[in-house]
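Reader: Please take a close look at the surface patch in this model, and then connect it to whatever else can be said about side chains and helix packing. Keep it plain.

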Amino acid sequence: MQPLNKFKNTIKRNEVLSWAWRSPPLSFFSFPSPPQPPMERRNHSSLAEFVFLGFPKVGHVRGWLFALLLLAYLFTFCGNLLTFLAIRLNAALHTPMYHFVSILSLLELWYTATTIPNMLANLLREKKTISFAGCLLQTYFFHSLGASECYLLTAMAYDRYLAICRPLHYPAVMTPTLCGKLAAGCWTCGFLCPISEVILVSQLPFCGYNEIQHIFCDFPPLLSLACKDTSTNVLVDFAINAVIILITFLFIMVSYGRIISAVLKIKTAEGRKKAFSTCASHLTVVLVFFGSIIFMYVRLKKSYSLTLDRTLAVVYSVLTPLVNPIIYSLRNKELIKAIKRTICQKSGRAHH
């Protein structure tokens, strides 16, 4: 019996050891698993809003910055509105060149309304937030209107080219019908261009960190918040921006190269001065606008330094619309007279 009992004890001991080795590793070595991130950090659909950091170091000069930005916006709004009304209400200015200037003024009204009111509100409130959908909408309209302006400035360069280099054919070619089609094409193409970029950004996962280190919603700061590789988005943005910005800018520069060549062939100094004066304002606006957006958007990286990005944003979103009515009015006596006439008509009606 003793050998039999010893044999049974051996079997039981082997079964215990076998069960122990088959059990999960936590039976012997217990290592805590890494903590899982909360759902809001894993799922971008739960990210309800973004927070603007804006200009975090303005401190006690916040009030002065608000006052300057408000004055700039009021001047931009009034200047572009007066330019638009003056051209529309004066039959003498119903020419192709002024038709495009009035459309540019209307575009600038919408362009500034997309960003500046929100920037002003953020300077006053402590919690500078915008919803996820609102951020995408602001980005879409900002880029749509910016692309429309690129196309419109190109159409204006084509108009000046025909007027100076093909003066005999100009009245027959640049008809009101063609002006309307060019303007409609600029708006349509502009609003179609950013759709693919907005769709790609809307599908990115944003992992909880929702602070936008910028003064308004834009593609570069949004890509910086995504928690996955955004090289595809950067490449798509570069391709679209290069096509829109560089090709239109190249077309404008070629047009002005031919314009300058034609003007230099004019024998009289008075004739050359008059020809240059008709396109100098437009060329100045082109250089200011394209100079800033090329440096900002035609790049194969998410961003430069934060300070540089914010400075460029102020240039093309605030300063360019601000100087447009100044540039066109200061160099155009007909437009100045029309604006004064419009103001007098409005004030006369108000008194009556």
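Author: A patch here is built from residues with over 30% relative accessible area and no salt bridge, and nonpolar side chains are joined within 5 Å. The model is predicted. In it, Leu192, Ile195 and Ile199 make a nonpolar surface patch of about 260 Å². Ile199 lies in helix α8, which spans residues 195-202. With a relative accessible area of 42%, Ile199 is partly exposed, and because the cut-off for a patch residue is over 30%, that value of 42% lets Ile199 count.

Charged side chains come next. How many salt bridges does a search of the whole structure find? The search finds two. In one of them, Glu49 pairs with Lys127, and their closest N and O atoms are 3.6 Å apart. This pair links distant parts of the chain, since 78 residues separate the two partners. Glu49 sits in strand β1 (residues 49-52), while Lys127 is in the loop between α4 (96-124) and β2 (129-131). Glu49 is partly exposed, at a relative accessible area of 28%, whereas Lys127 is exposed, at 55%. Lys127 has over 30% relative accessible area, but a patch takes residues with no salt bridge, and Lys127 forms one with Glu49; therefore Lys127 is not a patch residue.

Arg160 and Asp159 form a salt bridge as well, with closest N and O atoms 2.9 Å apart. Are these two residues buried or exposed? Both Arg160 and Asp159 are buried.

Now the helices. Helix α5 covers residues 132-165 and helix α10 covers residues 231-264. Their axes come within 9 Å and cross at roughly 20°. Angles under 35 degrees count as roughly parallel, so α5 and α10 are roughly parallel to each other. The crossing in which α5 passes α10 is left-handed.

One further contact across the sequence involves Arg341, in helix α13 (residues 333-351). Arg341 and Ala86 are 255 residues apart in sequence, yet their C-alpha atoms are 7.8 Å apart in space. Arg341 is partly exposed, with a relative accessible area of 40%.

To return to the patch: Ile199 of helix α8 is one of its three named residues, alongside Leu192 and Ile195.

Terms used. Residues are numbered from 1 along each chain as its sequence is written. This is a predicted model: local features need pLDDT of at least 70, side-chain atom pairs count only at pLDDT 80 or more; totals for chains, interfaces and linings use all residues. Side-chain values use heavy atoms; hydrogens and water are left out. Patches are made of residues with over 30% relative accessible area and no salt bridge: like charges are joined within 9 Å, nonpolar side chains (Val, Leu, Ile, Met, Phe, Trp, Tyr) within 5 Å. Accessible areas come from the Shrake-Rupley method with a 1.4 Å probe; for residues, only the protein chains shown count as cover. A salt bridge is a side-chain nitrogen of Lys or Arg within 4 Å of a carboxyl oxygen of Asp or Glu. Helices (H or I, at least four residues) and strands (E, at least two) are DSSP runs, numbered from the N terminus. Buried means under 20% relative accessible area, exposed over 50%, partly exposed in between (1.4 Å probe, protein chains only). Axes are lines fitted to C-alpha atoms, for helices over the stretch in contact, and angles run from 0 to 180 degrees between N-to-C directions. Angles under 35 degrees count as roughly parallel, over 145 as roughly antiparallel, 65 to 115 as roughly perpendicular and the rest as oblique. A crossing is left-handed if the near helix is turned anticlockwise from the far one by less than a right angle, and right-handed if clockwise.
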